[in-house]
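Here's a quick briefing for anyone meeting this structure for the very first time. Take a look, then we'll walk through a sheet and some helices.

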Amino acid sequence: MLNATIEHFSYKKFWCEKLDKFEFVDVNALPAKSLVKVGGKSLALSKWVSPKRTRSYPYARVYDTLQQDATKTVTVIPLFKDEGSGGEMDYLQWDTVGLMSLLNVYVILAFYDEAERKNDGKITNQKFNNDFVYLKLNEVVNYQQSALHWNLGQFEKANLLNLVENAKNAYRKVGQNLAVKMHNFANLEKFCAKILGERENFIAFSRKKAQNAQNAESKTTQPKEFLNFCGFGGQKEKIVIKNHLGGEYFFTIDEVFFKDGVLFLCENKHAKNAALPSFDDIKDGLLKLMLYENLSELKGFDKFKAVLNLTASGKILTAKQREFLALLKEEARFNKFEIWLNGVVR
């Protein structure tokens with residue numbers, strides 16, 4: 001287990017995707033990331049399909065909304081997501097909100113109130129309650145303090161009571177309307193009790209879940225990871241990062257190894273049938289590298305280096321991949337981390 005701290009946070013993007021612009025009408029009609037005008041001001045907005053951060057590249061979406069020409073950066077996350085008793089039940093974790101606060105991203109905690117029934121009895125194509133999201137977006141537009149203050153305010157008891165009751169009632173109606181058995185509300189009540197109680201209890205509850213997920217992830221190698229490509233005897237390693245906001249972030253580093261007095265922290269992305277991993281995979285890695293390259297201290301190590309380690313079976317880069325790689329190299333140079341492509345420093 002590695003233990004690290006962050007005192008100051010800074011990062012400059014060179015790879016800035018152009019986002020489509022919209023007047024806000026319905027959050028469900030918007031793409032996963034966009035520039036949205038609300039109350040006469042522009043917001044860089046992303047949406048999560050689940051509070052679980054390993055689903056559908058939410059980090060990549062957030063990355064694309066950072067440092068856009070907008071008044072604020074906002075992300076919409078469901079407080080919890082029930083896919084029916086035969087599917088998953090995902091809950092928001094405190095560290096997700098903490099990470100967004102660190103990135104100065106305003107979080108809209110939302111709930112689903114529409115869905116479609118699948119043949120297996122699960123529900124799909126869930127839609128946010130648009131009126132609630134619109135109300136919160138208008139509040140964000142006029143909010144004068146930092147994302148940290150806003151995000152902490154969403155966990156005040158009055159705000160949570162309103163959101164939790166809305167979410168519970170909405171899922172009851174969804175289950176009745178679609179004749180789908182939802183998850184046991186007793187488990188949901190326990191979750192609600194945690195977040196409606198002392199903030200420290202919710203933090204402890206969330207971190208226990210994060211640690212469990214971290215422990216499971218540290219024992220597996222995903223197809224998109226190519227462990228120990230460079231032959232340095234690297235291994236997965238858990239890390240806990242603390243920051244001055246009181247946040248603790250539990251991650252599993254894909255590959256860690258010690259060479260020539262330097263501890264290398266590698267976020268690995270692999271492509272089996274292309275010359276470069278997917279852009280979303282790389283963006284997902286970059287959001288984690290924003291933390292690693294900002295570490296002010298790594299306990300027990302004087303020197304450490306953050307690395308985005310890209311491996312691929314394909315040989316020929318497309319013109320778009322070459323353009324992207326050039327920007328990525330500039331981003332790495334400016335922010336003082338390294339890009340490796342098939343073991344070669346770029």
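Let's start with one residue pair: F22 sits opposite V36 in strand β3. Keep in mind that this is a predicted model. From that pair we can work outwards to the sheet, then to the helices on it, and finally to a helix pair.

**The sheet**

- β2 and β3 (residues 33–38) pair up in the parallel sense, over three bridges.
- They belong to an open sheet of five strands, in the order β2-β3-β4-β5-β8, and the pairing is mixed.
- Which strands stand at the edges? They are β2 (21–23) and β8 (106–110), each with a single partner strand, so one side of each has no neighbour in the sheet.
- Going from one strand to the next, the twist averages 35 degrees.

**Helices against the strands**

- Helix α1 lies across three strands, namely β3, β4 (41–47) and β5 (72–78). Its direction runs at about 165 degrees to β4.
- Helix α3 (residues 130–141) packs on the sheet too, where it touches β3, β4, β5 and β8. The direction of α3 makes about 160 degrees with that of β8.

**Where α1 meets α8**

- Helix α1 (residues 58–65) packs with helix α8 (residues 279–292) at an angle of about 75 degrees, and their axes are 8 Å apart.
- Angles of 65 to 115 degrees count as roughly perpendicular, so that is how α1 stands to α8.
- On the α1 side, the contact is made by Y59, A60, Y63 and D64. On the α8 side, the residues are D280, K283, D284, L286, L287, K288 and M290.
- Sort the α1–α8 contact by class and you get six nonpolar, five charged and no polar residues.

**A closer look at α8**

- Does the length of α8 come out as expected or not? At 1.5 Å a residue, its 14 residues should span 20 Å, and the end C-alpha atoms are 20 Å apart, which agrees.
- Is α8 largely enclosed or largely open? With 12 of its 14 residues buried, α8 is largely enclosed by the rest of the structure.
- The buried residues of α8 include I282, G285, L289 and Y292. Also among them are K283, D284, L286, L287, K288 and M290, which take part in the contact with α1 as well.

**Helix α2**

- Helix α2 (residues 94–102) is mostly covered, with nine of its nine residues buried. Among them are W94, D95, V97 and M100.
- After α2 comes N104, which has a positive phi, near 60 degrees.

Definitions and conventions:
Residues are numbered from 1 along each chain as its sequence is written. This is a predicted model: local features need pLDDT of at least 70, side-chain atom pairs count only at pLDDT 80 or more; totals for chains, interfaces and linings use all residues. Side-chain values use heavy atoms; hydrogens and water are left out. Axes are lines fitted to C-alpha atoms, for helices over the stretch in contact, and angles run from 0 to 180 degrees between N-to-C directions. Helices (H or I, at least four residues) and strands (E, at least two) are DSSP runs, numbered from the N terminus. Angles under 35 degrees count as roughly parallel, over 145 as roughly antiparallel, 65 to 115 as roughly perpendicular and the rest as oblique. Contact means heavy atoms within 4.5 Å. Ala, Val, Leu, Ile, Met, Phe, Trp, Tyr, Cys and Pro count as nonpolar, Asp, Glu, Lys and Arg as charged, and the others, Gly among them, as polar. The expected span of a helix is 1.5 Å times one less than its number of residues. Buried means under 20% relative accessible area, exposed over 50%, partly exposed in between (1.4 Å probe, protein chains only). Two strands pair if DSSP finds at least two bridges between them.
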